[in-house]
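Here is a short report for a reader new to this structure. Take a look at the model, then read on.

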Amino acid sequence: MRLETQYKSFGLDDKVIGYASRILEGLKERFAGYDDLAEYNQLKVIRAMQENKIAEMHLGTSTGYGYDDYGRDALEAVYASVFGAEDALVRPQIMCGTHALQIALAALLRPGDELLSPVGKPYDTLEKVIGIVPSAGSLAEYGISYRQADLKSDGSFDYEAIRQAIRPETKLVTIQRSKGYQTRPSFSVQQIGELIAFVKSIKPDLICMVDNCYGEFTEMQEPTEAGADLCVGSLIKNPGGGLAPVGGYIVGKKDCIEKCAVRLSAPGLGKEVGASIGMLPSFYQGLFLSPVVVAAALKGAVFAAGIYESLGFPVIPAAGEERHDIIQSVVLGSEEAMCAFCRGIQAAAAVDSAVVPEPSDMAGYESKVIMAAGAFVQGSSIELSADGPIREPYAVYFQGGLTWPHVKLGILLSLQKLYEGGFVRL
Ligand SMILES: *Cc1c(COP(=O)(O)O)cnc(C)c1O
């Protein structure tokens, strides 16, 4: 078959192609489910754009202070609609997901307040933001304390520990939807909704924030539709659809968003300033494409899980499990196998395919990290990418892919490299 010749030209062995196509046979129903999800969320985005009367004039630009940037304001209204929220802040001046989270935390907490994570340790880069790892400028330096309630060993919420961790000074609860670099489960919007209802039943004025990175459009609802006061994420992950070259978003209650805007710009300025500097077409079009892009990434995650689970590697989530984010972790057990996997992903890239990934130190991370990313946008992890900290249990976190054929090629090449390295037998 001519398609097979195409694959072989990438150096894929017959055994690798054969093994993968047998796995793929069994996934047709799952894939149909993701096509339905993409359809649902695509219609949601189109409706939001229609309701907010998006017109060609909104795709323009502004410079300088960015006063009267109607396109920027309308985009924020669209985000609010899509997320079922009152208001939004969607800006190229938000540099990444960590920055968006830092803005929200610093905007809503004051000296003497306590931050609570009821879902265990937060994402690596937040350790310095919060001050769990001492760092200049951390919340801890401003007199904001932190407490966490760990998950139970089966990954479920420890409601008793959470109850005890809520104190008079507890002001904000941060819930990370995605597992990040951990081997715990990711949470469904429904689970997050139940957790929020629980903490608010104990202390109704708690602000509930969800770190929504990697979760957008993986379900039919977003956490703001399940009781979250705000949701925070990165535009070079899901909602940027691969087109946004930079940026972050915060959606939620109007008063929370106003505080975040004031924190991002300055007191007295808020949402009024902030030029869109030519970013709006890619922000709009990326959001428009995102549901379909996320579905491709979900298919890739399930495909990778299917292959590596059947080869005997622990995978989280399991191949048959429901998804609440686009991340697939595969526990490979050694640094060498992690390198082989990542080199396969890199070899599938359209950009930088000749690069050979090596473990190295990275700003914000405590251990060495290996990363495979041949991306159009630097570090974009809605694009096909794999990464992981070089530490026990030697798990790679695989995510993204703007189109299904690209994700498929990446997974086939990862398997090829593991096969060549003698880490798997086919
Ligand atoms: C990626 C990510 C972040 C941080 O985002 P950056 O854009 O890398 O700064 C925070 N939380 C989670 C769960 C993430 O996946």
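Lys179 and Asp325 pair their side chains in a salt bridge, with N and O 4.0 Å apart. The model is a predicted one. Across the interface of domain 1 and domain 2 there are 2 salt bridges. Polar contacts add to the picture: 22 residue pairs, both partners at pLDDT 80 or more, are in polar contact between domain 1 and domain 2. Which elements supply the domain 1 side of this interface? Helix 3 (28–51), helix 10 (280–310), strand 10 (369–373), strand 11 (385–389) and strand 12 (395–399) each give at least two residues to the side that touches domain 2. Helix 10 contributes the most, with 5 residues.

**The two domains**

The domain assignment splits the protein chain into domain 1 (2–42 + 290–420) and domain 2 (44–287). Their C-alpha centres are 27 Å apart. In the contact zone, 35 residues of domain 1 meet 37 residues of domain 2. The size of an interface is often given as the accessible area lost when the parts come together. Here, about 3100 Å² is buried between domain 1 and domain 2. Carbon and sulfur atoms give 58% of that area.

**Salt bridges**

How many salt bridges does a search of the whole structure find? The count is 23. Side chains of opposite charge can pair when their charged atoms come close. The table shows some of the pairs.

| Salt bridge | Closest N to O distance |
|---|---|
| Lys179 and Asp325 | 4.0 Å |
| Lys8 and Asp14 | 2.9 Å |
| Glu25 and Lys28 | 3.4 Å |
| Arg91 and Glu76 | 2.7 Å |

Start with the pair of Arg91 and Glu76, whose closest N and O atoms are 2.7 Å apart. This pair links distant parts of the chain, 15 residues apart. Arg91 is in strand 1 (residues 87–91), and Glu76 is in helix 4 (residues 70–82). Are these two residues buried or exposed? Arg91 is buried, at 2% relative accessibility. Glu76 is buried too, with a relative accessible area of 1%. The pair also belongs to a network: salt bridges link Glu76, Asp87, Arg91, Lys254 and Lys271.

Now take Lys8 and Asp14, which meet at 2.9 Å, N to O. Lys8 is partly exposed, with a relative accessible area of 37%. Asp14 is partly exposed as well, at 48% relative accessibility.

Glu25 and Lys28 form another salt bridge, at 3.4 Å. Lys28 counts as exposed, with a relative accessible area of 54%.

**Glu114, a buried acid**

Glu114 sits in strand 2 (residues 114–117). The residue counts as buried because its relative accessibility is 4%, under the 20% cut-off. What does the side chain of Glu114 join in a polar contact? The partner is the side chain of Arg147, at 2.7 Å. Leaving aside neighbours within four places in sequence, Glu114 is in contact with a set of residues that includes Leu109, Ser145, Tyr146 and Arg147. Ala165, Arg167, Glu169, Thr170, Lys171 and Leu172 are also in contact with Glu114.

**Thr61, in a loop**

Thr61 lies in the loop between helix 3 and helix 4. The residue is exposed, at 52% relative accessibility. Thr61 and Met279 are 218 residues apart in sequence, yet their C-alpha atoms are 7.4 Å apart in space. Which residues does Thr61 contact, leaving aside neighbours within four places in sequence? They are Ser276, Ile277 and Gly278. With Gly278 there is a polar contact: the Thr61 side chain reaches the backbone nitrogen of Gly278 at 2.5 Å.

**Cysteines**

A disulfide is a covalent bond between the sulfur atoms of two cysteines. How many disulfides does a search of the whole structure find? It finds 0. Why is Cys213 not bonded to Cys96? The sulfur of Cys96 is the closest cysteine sulfur to that of Cys213, but the two are 8.9 Å apart, so they are too far for a bond. The cut-off for a disulfide is within 2.5 Å. Cys342 is in no disulfide either; its nearest cysteine sulfur, in Cys339, is 7.0 Å away. Both Cys213 and Cys342 are buried: Cys213 has 9% relative accessibility, and Cys342 has 0%.

How values were computed. Residues are numbered from 1 along each chain as its sequence is written. This is a predicted model: local features need pLDDT of at least 70, side-chain atom pairs count only at pLDDT 80 or more; totals for chains, interfaces and linings use all residues. Side-chain values use heavy atoms; hydrogens and water are left out. Buried means under 20% relative accessible area, exposed over 50%, partly exposed in between (1.4 Å probe, protein chains only). Domain bounds come from an automatic or database domain assignment. Contact means heavy atoms within 4.5 Å. Buried area is the accessible area (1.4 Å probe) that two parts lose on being put together, summed over both. A polar contact is a pair of N or O atoms within 3.5 Å; within protein, one must be able to donate a hydrogen and the other to accept it, and residues adjacent in sequence count only if both atoms are side-chain atoms. Helices (H or I, at least four residues) and strands (E, at least two) are DSSP runs, numbered from the N terminus.
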